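Please find below a colleague's note on the model, set out as numbered points. Each point takes up one region or one property.

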Amino acid sequence: MAENGEEKLLAMARHIAKTLGQNDTMADDILQIFSKFDGRFSREKMSDKMVDEDPRGCATLERTLNSLDRQISPYVAFDHPIWADTADSSAFLDAIDDLIGTIRDWSPMAAEKSVGACLVRADDLMQQAMFRVEDEFRSLMERSAESFELSRKNHESTGDLSFDSEDENEENEEGIIHNGTDLDHQIPIAQPITDYDIIIDALPSGTINDLHEIVKRMVAAGFGKECSHVYSTCRREFLEESISRLGLQKLSIDEVQKMPWQELEDEIERWIKAANVALRILFPSERRLCDRVFFGFSSAADLTFMEVCRGSTIQLLNFADAIAIGSRSPERLFKVLDVFETLRDLMPEFDSVFWDQYCLVLRNEAVTIWKRLGEAIRGIFMELENLIRRDPAKAAVPGGGLHPITRYVMNYLRAACRSRQTLEQVFDENNVVVPSNKLDDRGSSSSSMSVQMAWIMELLESNLEVKSKIYRDSALCSVFLMNNERYIVQKVKDSELGSLLGDDWIRKHTAKVRQYCTNYQRSSWNKILAMLKLDNSSLGSNTIAKSMKEKIKSFNSQFKEVCRTQSTWVVFDEQLREELRISVSRLLLPAYRNFIGRFQCIPEIGRDDRLIRYGPEDIESRINELFEGGSGSSGGRK
């Protein structure tokens with residue numbers, strides 16, 4: 001070996017002199033300098049044959065290649081895995097190291113014809129070795145996967161997916177199948193879980209070390225891309241299989257948009273679970289594995305990791321994008337919010353896992369789709385506004401009860417406000433600009449969301465005002481507005497809407513309810529009260545008696561008709577209904593008692609009670625039967 005080393009050194013010196021010397025004289029001078037520096041570079045050994053190719057140096061290279069060929073070719077032709085035996089794999093890698101070193105040492109002399117020919121042979125031998133190493137690399141990864149698959153299926157056949165072990169590192173953790181009996185021969189596959197604070201060792205440590213040793217040789221030999229391709233292909237299949245086991249289908253954007261909403265709701269639930277497992281467990285585990293296998297080659301590790309995760313990441317993001325650009329139907333809001341919140345909460349994971357330059361496009365795409373989901377949410381609220389505007393004033397609600405649009409909008413907003421923090425983020429993100437008439441009197445300090453809610457309330461109330469015109473009876477019109485406004489106020493007070501809209505808004509709209517009550521009383525009872533008004537003029541007693549008889553008859557008729565009609569009307573709120581009855585009683589009973597007392601004191605009438613159809617108790621009883629509505633009325637509260 002020492003002789004071969006000296007021959008390599010002499011060949012290198014000859015090559016340098018031959019390369020730098022522009023003519024024979026200059027080359028000879030260079031050799032003179034070499035000979036003074038080291039006795040091995042004597043003129044006798046070098047100068048005579050410098051111009052010609054050195055047969056001893058070329059012979060040395062040929063002997064080296066013959067030796068390496070005898071070592072490498074049998075392994076290339078092996079009909080069984082080389083890495084099944086540690087001695088074989090070590091010897092094969094050592095031979096590859098020697099071949100890499102030989103090519104590196106002799107490459108500067110490739111211009112010499114005989115050396116160049118030898119290097120062509122060396123490159124051919126290297127290519128054969130790399131093809132076999134690539135196969136071994138792939139086989140190592142696949143054999144580990146197959147080992148796990150056999151174990152997993154074995155446990156499934158017995159109905160037991162858990163592994164019992166005294167080692168806490170081998171425990172099954174809420175659906176993650178950890179390695180059971182042999183850590184070197186199993187790959188854990190993620191199942192749906194709720195605890196995401198888990199990192200999977202996706203390959204046994206021994207396998208990772210073997211892969212890393214292969215990576216070093218392939219990169220050194222210039223086969224880094226091939227190595228990265230094999231690795232990314234194997235791990236990409238693992239990821240796709242893991243996500244498939246989480247129940248998520250591979251769907252195009254078009255297929256998602258054509259899916260029936262009920263099916264899509266279920267698919268969204270599966271997507272949320274899959275996205276959390278992928279970003280919190282699978283991708284971080286793949287990042288760690290990739291960094292270990294490609295340790296020392298950071299650029300290759302980053303590129304390979306991107307290739308591994310790109311397909312699964314795009315699958316997850318495309319689904320979210322399909323939701324974002326889909327229908328703006330209001331009933332979709334809550335599932336769109338779920339997708340928005342999931343992506344928002346996973347942004348730190350996107351930043352920590354996809355931090356390198358190769359993954360930048362994936363990280364940016366996630367941010368873009370997340371913002372697009374925010375736009376979708378704002379679009380859904382715009383569609384809700386349009387729905388309220390377009391809701392036609394067709395048939396009147398029986399008995400002046402709750403209109404379906406009121407119940408729908410208020411329950412919708414109340415449910416939406418359970419996601420208040422998210423909605424405030426969505427509306428503030430857009431810096432919503434609204435017309436000044438939307439602001440009402442809430443002031444410039446109102447949040448974008450509170451302004452949005454107040455505007456929807458205003459649209460709803462305007463729509464109800466239009467619908468109230470359907471009622472020909474002004475009293476029933478007031479009952480309708482009173483019912484719906486009361487429902488609005490109660491829903492606001494009992495939810496996050498109250499803190500959003502504020503106490504001033506609640507006081508203002510509570511006052512509107514009272515005003516509708518007053519309007520109802522005036523429309524319904526002022527005419528009846530007018531019949532009970534006493535005549536204090538100086539007319540004769542006969543004239544007064546006749547006038548009062550006419551008034552009591554009219555009262556009886558009018559009161560009967562009002563009670564008959566209004567007993568079918570609806571006041572859904574029990575407290576409001578009772579307050580309204582008490583208010584009517586306090587308005588009517590004193591005037592009625594006074595009228596009856598005066599009526600009975602007129603001599604021409606005396607004690608003739610035939611015209612007095614109702615006693616005060618009867619009046620109160622009939623008033624207490626008002627606003628009961630029909631048992632099947634749509635005016636009930638929910």
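**Notes on the model**

1. Beginning with helix H18 (residues 474–493), its 20 residues should span 28 Å at 1.5 Å a residue, and because the end C-alpha atoms are in fact 28 Å apart in the model, the expected and modelled lengths agree. The helix is mostly covered, with 18 of its 20 residues buried. At its N-terminal end H18 is capped by Asp 473, a side-chain oxygen of which lies 2.8 Å from the backbone nitrogen of Ala 475.

2. This is a predicted model, and its confidence should be read before its details. The mean pLDDT of the protein chain is 82, with 76% of the residues reaching 70 or more. Over residues 432–444 pLDDT stays under 50, and for that stretch the model has 15 contacts beyond four places in sequence. Residues 631–635 likewise stay under 50, with eleven contacts beyond four places in sequence.

3. As to overall composition, the secondary structure of the protein chain comes to 23 helices and zero strands. Of its 638 residues, 48% count as buried. Among contacts with a separation of 6 or more, 76% are made by residues 24 or more positions apart.

4. Helix H15 (residues 404–416) passes the length check too: for its 13 residues, 1.5 Å a residue gives an expected span of 18 Å, and the end C-alpha atoms are 18 Å apart, which agrees. Its buried residues are Ile 405, Thr 406, Arg 407, Val 409, Met 410, Tyr 412, Leu 413, Ala 415 and Ala 416. Which helices do the buried residues of H15 pack against? They pack against helix H12 (333–345), helix H14 (360–390), helix H16 (420–429), helix H17 (448–468), H18 and helix H19 (497–501).

5. Helix H7 (residues 205–220) and helix H8 (residues 224–245) have axes that come within 7 Å and cross at roughly 140 degrees. In this pair, Val 215, Met 218 and Val 219 of H7 meet Gly 224, Glu 226 and Cys 227 of H8. Sorted by class, the contact of H7 with H8 involves four nonpolar residues, one polar and one charged.

6. Val 76 belongs to helix H4 (residues 55–76). Is this residue, Val 76, buried or partly exposed? At 24% relative accessibility, Val 76 counts as partly exposed, because the buried class requires a value under 20%. Leaving aside residues up to four places away in sequence, Val 76 touches Gln 128, Ala 129 and Arg 132. Its C-alpha atom is separated by 5.7 Å from that of Arg 132, although the two residues are 56 residues apart along the chain.

7. Gly 116 is found in helix H6 (residues 113–157). With a relative accessible area of 15%, Gly 116 is buried. The C-alpha atoms of Gly 116 and Trp 106, which are ten residues apart along the chain, are separated by 8.8 Å.

8. Finally, a backbone angle deserves a remark. Most residues other than glycine have a negative phi. Phe 627, however, has a phi near 65 degrees, a positive value in a residue other than glycine. Phe 627 lies in the segment after helix H23 (616–623), and with a relative accessible area of 1% it is buried.

Notes
Residues numbered from 1 in each chain as written. Predicted model: local features only at pLDDT ≥ 70, side-chain atom pairs only at ≥ 80, totals over all residues. Heavy atoms only, no water. Axes fitted to C-alpha atoms, helices over the stretch in contact; angles between N-to-C directions. Helix = DSSP H or I, 4+ residues; strand = E, 2+ residues; numbered from the N terminus. Contact = heavy atoms within 4.5 Å. Nonpolar A, V, L, I, M, F, W, Y, C, P; charged D, E, K, R; others polar. Expected span 1.5 Å × (residues − 1). Buried < 20%, exposed > 50% of the residue type's maximum accessible area, 1.4 Å probe, protein only. Polar contact = N/O pair within 3.5 Å; in protein donor to acceptor, adjacent residues only side chain to side chain. pLDDT = per-residue confidence, 0-100.
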